[in-house]
Amino acid sequence: MSLDLVLGFTQALALTMSVAFVTYVFVIVVPYLRRKPAPVGVPESLEWHFFVPCRDEEAVIGDTIRYLRETFPIAHVWVIDDDSDDRTAGVVRTLKRNGGIRDTHIHLVQRQRPYARTGKGNALNDAYRTLKLWMGRRADTDRAIVVVVDADGRPAPNCLEVCAAQHLFGNPRIGAVQVDVRMINAGQRQPGVSWWRRTFGAGLVRMQDLEFRTAIAAIQMSRGATGTISMGGNGQFTRLSALDSIAGPTGSPWRGSLLEDFELGVHLLTAGWHTGFSLDTHVNQEALYSLRRFLAQRTRWGQGTMQCMRYLRRIWDSEHLTTLGAAEMMYYLAQPWMQLLGTLIYPIPMALMAYRFVVSPSEVVAWFFDGAWVLFTVYGAFGLLPFVLWGPVYRARCEPVGFWKSIAYGFGYALYIYTFYITSWRALIRLVRGHNGWTKTRRNTERGLVAVDV
């Protein structure tokens with residue numbers, strides 16, 4: 001292949017990326033930066049039920065229950081013990097008795113092997129069926145809201161009033177709402193490890209916070225235009241009547257994918273429900289310091305996305321989704337496959353130039369200094385800018401760090417994104433081998449965190 005062909009390919013790619021970047025900024029970034037707070041509602045107009053899936057969460061579940069009961073006294077807390085090997089269930093029972101006074105707003109749903117430990121979706125289904133029995137046939141399922149929270153999750157104190165607003169659950173067509181997700185340990189370093197691991201871990205945590213609070217939040221806002229706002233695994237609010245509409249004869253709204261939150265959204269949207277997203281409130285969760293655990297978590301998410309490809313026909317045929325909405329969801333499902341393809345295609349021009357340099361180095365050097373360097377600069381700039389810009393956006397909307405530190409965050413985020421190429425291949429290998437089991441991500445050490453600016 002000639003250098004002219006490589007040059008033509010690079011020119012076309014650079015032009016495409018330039019147009020895509022400008023579109024990206026105006027469609028996603030600008031609306032996110034211009035967002036204004038919306039009016040809130042009255043929490044007492046609805047009935048709230050927190051679902052907290054647990055497996056071996058003795059270290060954190062007590063504090064979580066206390067937080068939920070003190071912060072949201074009108075809500076019920078349903079702890080789902082997925083056959084824990086520790087004292088998770090015992091902690092729940094102790095708090096339920098509360099010094100001899102029975103707390104009727106704390107409930108324990110216990111699962112036992114061989115039916116336990118089969119995935120988060122199955123655990124949530126058990127809690128859903130238990131809640132339905134507890135409420136009885138005459139319950140007002142339109143008023144009941146199920147809130148999925150991680151065992152270490154901390155919903156913001158205003159989340160119920162925000163979600164009760166007229167544009168969210170005050171609208172009877174809204175079946176589910178996802179709130180913003182933040183990392184509770186952003187700015188904290190892991191104790192008891194080497195300086196290198198502390199520094200790297202703190203940076204990894206910061207990137208997870210930046211990802212959720214800027215890029216993911218902005219994409220969720222843009223999905224409001226396509227009517228395809230998706231659910232997350234934490235801070236997921238769903239109307240009980242919406243769950244009923246997709247539960248089927250087995251009473252299973254969650255269908256077992258490793259990405260059970262996105263899968264739930266697919267079923268709700270294709271059943272005719274609308275979904276909402278709010279940045280006016282949030283839920284805190286713990287980010288991961290360990291790269292190994294982070295890659296394992298994202299591999300599971302990538303594999304779950306690949307599993308949801310089976311819904312392509314359902315999405316495309318749905319009369320409740322616009323063509324633009326169906327295209328957006330299909331684009332999301334294609335992401336891991338595009339990353340796999342990218343790892344195969346992107347190196348080709350570089351490999352061809354390397355070959356030509358070995359064969360005729362003077363020709364390549366002359367070609368480069370005759371103008372090819374400009375194209376490569378444009379290509380590199382527009383390849384990085386969609387990721388680097390989130391550093392300054394994070395500074396403007398989330399954390400008041402210095403300008404140059406925000407630029408460093410942006411370049412760090414660009415490197416962080418490359419991990420998804422690794423996890424996509426790992427997800428594919430697991431899929432091919434038939435390894436579809438759900439493995440809980442082990443938590444960080446819960447004590448001794450030292451807060452520092454990172």
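Mentor: Let's start with a term: a residue is buried at under 20% relative accessible area, exposed at over 50% and partly exposed in between, using a 1.4 Å probe on protein chains only. This is a predicted model, where local features need pLDDT of at least 70, side-chain atom pairs count only at pLDDT 80 or more, and totals for chains, interfaces and linings use all residues. Residues are numbered from 1 along each chain as its sequence is written, and side-chain values use heavy atoms, leaving out hydrogens and water.

Trainee: Which residues of helix α14 are buried?

Mentor: In α14, residues 390-397, they are W390, G391, V393 and Y394.

Trainee: What puts them on the same side of α14?

Mentor: Their arc around the axis, taken from the directions from the helix axis to the C-beta atoms, is only 165°, so they sit on the same side of α14.

Trainee: Why is α11 called roughly perpendicular to α16?

Mentor: Helix α11 (residues 323-345) and helix α16 (residues 419-433) pack at about 110°, with axes 9 Å apart. Angles of 65 to 115 degrees count as roughly perpendicular, so α11 earns that description against α16.

Trainee: And which residues make the contact?

Mentor: With contact meaning heavy atoms within 4.5 Å, α11 gives P336, W337, Q339, L340, T343 and L344, while α16 gives F420, Y421, S424, W425, L428 and L431. By class, there are nine nonpolar, three polar and no charged residues.

Trainee: How much of the protein chain is buried?

Mentor: Buried residues make up 51% of its 454 residues.

Technical notes. Helix = DSSP H or I, 4+ residues; strand = E, 2+ residues; numbered from the N terminus. Axes fitted to C-alpha atoms, helices over the stretch in contact; angles between N-to-C directions. Parallel < 35°, antiparallel > 145°, perpendicular 65-115°, else oblique. Nonpolar A, V, L, I, M, F, W, Y, C, P; charged D, E, K, R; others polar.
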